[in-house]
Amino acid sequence: MKKNSAHYRFCFGPWNLSEGADPYGPPTRPAQSFDWKLAQMKKLGFDAMMFHDDDVVPDVDAKSEKQIIAETRELKKKLFDAGIAAEMVAPRLWFSPKTIDGAYTSNDPKHRQYAIDRSRRTIDIANLLGTDLIVLWLAREGSYLRESKNARKSVDYLVQAIDKMLAHDKRVRIAIEPKPNEPMDHAYVPTIGHALAVANLTRDPKRVGALIESAHCTLAGLDPSDEIAFAMSFGKLWSLHLNDQNGLKFDQDKPFGSANLRGAFNQVRVLEQNHYGSRGEYVCFDVHPFRPTKVEHWLAHLDNSRRTFLKLVEKARSYDEAKAAQMIADRNYQALDQYVIEHLLGK
Ligand code: GLO
Ligand code: MG
């Protein structure tokens with residue numbers, strides 16, 4: 001295998017230092033300030049932070065343009081002083097009373113407009129932070145019951161919204177983060193194939209790509225490494241949320257490699273083979289601490305995910321491609337299977 005000389009750069013978001021609340025119980029760790037989170041990121045030696053618009057400007061809907069600019073500049077200075085880059089900004093379109101029944105695909109035209117206006121503001125925030133990447137996790141674009149929405153029209157609404165964002169800024173790039181379910185019963189853009197198909201309908205398909213999250217692929221019953229390979233075939237993998245997921249349940253956001261180490265190896269291998277990171281893309285971990293995690297162990301899920309990733313990079317680089325090729329040529333997949341297992345076990 002051709003060695004990937006690119007040095008990987010790592011990223012997480014403020015929400016990944018979460019407090020442990022779930023639908024059945026309250027937080028298990030006290031909320032921390034942004035400054036504390038930034039300091040932890042520095043301590044861990046990560047390179048970049050990803051943001052929701054309201055991670056940058058809390059309560060963004062209630063603020064004037066002037067205030068938004070001032071607060072974004074203030075945060076930009078903190079990032080600069082810490083030597084941390086802003087990887088992307090995502091409009092948080094799933095909290096507002098105006099997005100209860102969907103954002104870009106709401107049945108109410110006023111609410112669709114709200115989603116577009118907020119997304120344009122997100123682009124302005126991203127510009128001030130020095131990133132051209134906007135991530136769209138389409139949390140509420142789907143349905144709880146089929147008859148409540150028009151799935152055909154929803155695709156038009158999505159394309160129209162993305163077109164407005166592309167027109168707002170000539171340089172902006174949009175990465176769609178597909179997820180098949182949760183919070184919706186079914187989402188309109190469940191897989192990377194759907195995301196790229198939607199991209200193709202927009203006014204500038206070159207500027208619309210994708211972000212893959214391992215757990216979301218698993219929830220769709222798909223293999224994350226194949227999804228990564230698919231997006232990379234189109235040159236469209238612009239960001240990555242590595243994590244893990246134990247089968248078809250609620251979205252678990254486990255540490256990378258925690259549930260399926262071999263699956264994690266295959267993700268790293270495909271990233272290596274296709275030189276992920278060579279165009280400046282970051283490896284982001286969209287992971288959360290297990291709920292019982294104590295305050296003193298609060299950073300471990302991020303540190304561990306990166307450790308696992310880097311160990312798997314070594315495993316991908318030391319994988320004996322010639323030996324594997326012989327087994328493949330001989331159609332001896334039993335031997336290939338055992339080779340992979342023993343390689344991962346360190347034999
Ligand atoms: C949830 C998503 C979420 C997004 C984030 C950025 O399932 O993975 O964490 O990645 O909001 O848009
Ligand atoms: Mg994610």
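**Exercise 1. Locate Pro183 in this predicted model and describe the peptide bond that leads into it from Glu182.**

Solution. Step one is the position: Pro183 belongs to the loop that runs between β6 (173-177) and β7 (186-187). Step two is the bond: the peptide bond from Glu182 to Pro183 is cis, and its omega is near 10°.

**Exercise 2. Determine where Asp59 lies and whether it is buried or exposed.**

Solution. Begin with the backbone: Asp59 is not a glycine, yet its phi is positive, about 60°. Next, the location of Asp59 is the loop between α2 (53-56) and α3 (65-82). Finally, exposed means over 50% relative accessible area. Asp59 has a relative accessibility of 55%, and therefore counts as exposed.

**Exercise 3. Carry out the corresponding analysis for Arg331.**

Solution. Arg331 has a positive phi of about 55°, although it is not a glycine. The residue Arg331 is placed in the loop between α11 (321-329) and α12 (333-345). Because its relative accessible area is 69%, Arg331 is exposed.

**Exercise 4. Classify the ring pair of Phe34 and Phe51, and state which elements it links.**

Solution. The structure holds 15 aromatic pairs. In the pair of Phe34 and Phe51, the ring centres are 6.2 Å apart and the planes meet at 35°, so the pair is tilted. The pair links distant parts of the chain, with Phe34 in helix α1 (residues 34-44) and Phe51 in strand β2 (residues 48-52), 17 residues apart. For the surroundings, the cut-off for buried is under 20% relative accessible area. Phe34, at 18%, counts as buried, and Phe51, at 0%, also counts as buried.

**Exercise 5. Classify the ring pair of Phe265 and Tyr319, and state how far apart in sequence the parts it ties together are.**

Solution. The ring centres of Phe265 and Tyr319 are 5.9 Å apart with planes at 50°, so this pair is tilted. Phe265 lies in helix α9 (residues 261-273), whereas Tyr319 lies in the loop between α10 (300-318) and α11, so the pair ties together parts 54 residues apart in sequence. Both Phe265 and Tyr319 are buried.

**Exercise 6. Name the members of the aromatic cluster, and identify the rings over which Arg9 and Arg112 lie.**

Solution. The cluster comes first: Tyr8, Phe10, Phe12, Phe46, Phe256, Phe285 and Phe309 form one aromatic cluster. Turning to the charges, Arg9 lies over the face of Tyr282, 4.2 Å from the ring centre. The charged end of Arg112 sits over the ring of Tyr157, at 3.9 Å from its centre.

Technical notes. Residues numbered from 1 in each chain as written. Chains lettered and ligands numbered in written order. Predicted model: local features only at pLDDT ≥ 70, side-chain atom pairs only at ≥ 80, totals over all residues. Heavy atoms only, no water. Helix = DSSP H or I, 4+ residues; strand = E, 2+ residues; numbered from the N terminus. Buried < 20%, exposed > 50% of the residue type's maximum accessible area, 1.4 Å probe, protein only. Phe/Tyr/Trp six-rings, centres within 6.5 Å; stacked < 30°, edge-to-face > 60°. Lys NZ or Arg CZ within 6 Å of the ring centre and 35° of its normal.
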